[in-house]
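Trainee: Please take me closely through one part of this structure. I should like to know how its elements meet, which residues form the contacts, and what lies beside them.

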Amino acid sequence: MPTVTFQSVSKLFGDIFAVRDLDLGINDGEFVVFVGPSGCGKTTTLRMLAGLEGPSFGRILFDGTDVTMLPPGRRDVAMVFQSYALYPHMTVYKNLSFGPESRRERSAATDARIHEVARLLGLDGMLSRRPGELSGGQRQRVALGRAMVREPKVFLLDEPLSNLDASLRTQMRVEISDLQRRLGVTTVYVTHDQVEALTMGHRVAVFNKGRLLQVDTPRGLYKSPVDRFVATFIGSPRMNLAPSTFSRTNGSVAIQFLGTNAVLTDWQSRALERIGSADLEIGLRPQDIHWVQDAPTRCNHPLFGTVHTVAPTGAETFVTVDIQGRRIDTRFPSFSRIQIGDQVELAYDLADIYLFDSATGQNLVHVAGVLPPRPAPDSRPAIVVG
Ligand code: ATP
C-alpha cells in the first residue's frame, strides 16, 4: 500500500481558496481522518486525492511518484460516498461485480473475491437481493464492498455514515475500523463529526477555512491542541473559555479568571514568559471541572457558581453552572443530585487548564514546546454520586 503526500497543495475556485498550502504525509496502511466544519475543504482535498479535481498549485505523490496529472482511473483508489451510489435495479452480487465486469475482468478469481468480500461484510446471505430490500447499514456495506472488490491501493471515504441512524453509525464505525485494520489499506476518511474522527483515525487532520491546522493522534489533538479552534472543536461538550488577566511577582505568574486567583505551575509560567502575551484566555474542559466532594485530591483550586441547567443522560449528567456571569459546562458522574439554582463549589487542577493568546488563539504551552509533566496518580478513589 502506498504512502500519500500532499506538497504545498492549493485549490482555487474562482478567487476563493478551498484548500490552501496543504502539506501532509500519510503513511503506508494508515487510517487518517479529515475533520472540520462545513466548507473547510475536506471533500475538495479528498477529491484531489482521487483525481476528480486538479490542484491549482502543488503536487500529490503516491509512494514518491507524482500522480498530480494522473486521471482517476489510473490512480488505483476507490471512493465510497455518503449517497452509497448503488445501482437500484441490480442485485447485491451485480453491484459488487459491476466494476470488474465493466473492465472485462470476470473470472473464477473475481467471483471468489466477491464472495470473500461479501463474507467479510456479512452480506453473503443477501447477494441476490436488490438495494431496495436492504437496510441503510447493509446498503452502506455493499458500497464498501464494491470498493473492496477492486483491491485499491488507497481507500477514500466521504462521510459514508451520515445517512445512518445513531446506533447503526456507532456499529459501522467499529466495523470499518476493524476492516481497515485487517486489510491494512491506506485509508482517508472525511467527516464533520469529531467523535467519529477520534474513534476511527490513527491520526486526525483538523481543517478550518481551507487550512490544515493540526494533524496528530486523537490523544495528541485532545491533550495538546495547537490553538483555540482545535481545542474547542475536539471534545464534547466543548472546552470552556474565559478571559483572564495575569500578574508577575517574584518570578511566579498569578492568573485571575472566573473570580478566582491561581499561581501558575513552573512549566505554565515558562510558556507564558516565552511568549510574553498581553491578553490571556483560559480553557478548561467540562470533564476537568469536578464537584468539590468528588474531586480527585490534585484538584485543589476552587470555582463558585449557581447551577443553571441539569441534563442527565444516564451514564453522566451535563450541568451548566453560572460563574461570574459566564455559562460553564461541566460533566458530573451518573445521576447527580444537583438541582437548578443550587450554589455549588467546584474544583479543578491547575495542570488541566489551557492558556491561549486571546488575540491569535494559539495554545501558549504548545507553541512554547513546553511538555507538561504527567499528573501523579490520584490517592482518592472517585465517588459516584447516586
Ligand atoms: P462539507 O462538510 O459541507 O461537505 P467540506 O469541508 O467538504 O464541506 P468542500 O466541499 O471541500 O468543504 O468546500 C470547500 C470550499 O470550496 C467551500 O467554500 C465550497 O463552497 C467551495 N467549493 C467546493 N466545490 C466547489 C466548486 N465546484 N465550485 C466552487 N466552489 C466550490
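**Helix α4 and its neighbours**

Mentor: α3 and α4 are oblique to each other (angles under 35 degrees count as roughly parallel, over 145 as roughly antiparallel, 65 to 115 as roughly perpendicular and the rest as oblique). The model is a predicted one, in which local features need pLDDT of at least 70 and side-chain atom pairs pLDDT 80 or more, whereas totals for chains, interfaces and linings use all residues. Residues are numbered from 1 along each chain as its sequence is written, and side-chain values use heavy atoms, leaving out hydrogens and water.

I begin with this oblique pair. Helix α3 covers residues 108-120, and its axis lies 10 Å from that of α4, at an angle of about 140° (axes are fitted to C-alpha atoms over the stretch in contact, with angles from 0 to 180 degrees between N-to-C directions; helices are DSSP runs of H or I, at least four residues, and strands are runs of E, at least two). The crossing of α3 and α4 is right-handed (the near helix is turned clockwise from the far one by less than a right angle). From α3, the residues in contact are R113, I114, V117 and L120, and from α4 they are G145, M148 and V149 (heavy atoms within 4.5 Å). By class, this contact of α3 with α4 holds 5 nonpolar, 1 polar and 1 charged residues (Ala, Val, Leu, Ile, Met, Phe, Trp, Tyr, Cys and Pro are nonpolar, Asp, Glu, Lys and Arg charged, and the others, Gly among them, polar).

The next partner is α2. Helix α2 (residues 92-102) and helix α4 (residues 136-149) have axes that come within 8 Å and cross at roughly 30°. That angle makes α2 roughly parallel to α4. The crossing of α2 and α4 is right-handed. On the α2 side, V92, N95, L96 and P100 take part, and they meet V142, G145, R146 and V149 of α4. The contact of α2 with α4 comprises 5 nonpolar, 2 polar and 1 charged residues. G145 and V149 thus appear in the contact with α2 and also in the contact with α3.

The third partner is α5, which spans residues 166-183 and packs against α4 at an angle of about 20°, with the axes 11 Å apart. The two helices, α4 and α5, are therefore roughly parallel to each other. The crossing of α4 and α5 is right-handed. In α4, the contact uses G136, G137, Q140, R141, L144 and M148, and in α5 it uses L168, Q171, M172, E175, I176, L179 and L183. By class, 7 nonpolar, 4 polar and 2 charged residues make up the contact of α4 with α5. M148 touches α5 and is also among the residues of α4 that touch α3.

Finally, there is a pocket to consider. The second largest pocket has a volume of about 560 Å³. It is lined by 19 residues, and those closest to its centre are V77, A78, M79, R146 and R150. R146 also belongs to the contact of α4 with α2. The elements β6 (77-80), α2 and α4 each give at least two residues to the lining of this pocket. The largest share of that lining is the 4 residues from β6. By class, the lining of the second largest pocket has 14 nonpolar, 2 polar and 3 charged residues. Helix α4 thus meets α2, α3 and α5, and it also contributes to the lining of the second largest pocket.

Key
1 Å grid on protein atoms, 1.4 Å probe; cavity = no way out; pocket = protein on both sides within 12 Å on 5 of 7 lines; lining within 4 Å. Points joined across faces, edges and corners; volume = space filled by probe spheres on them.
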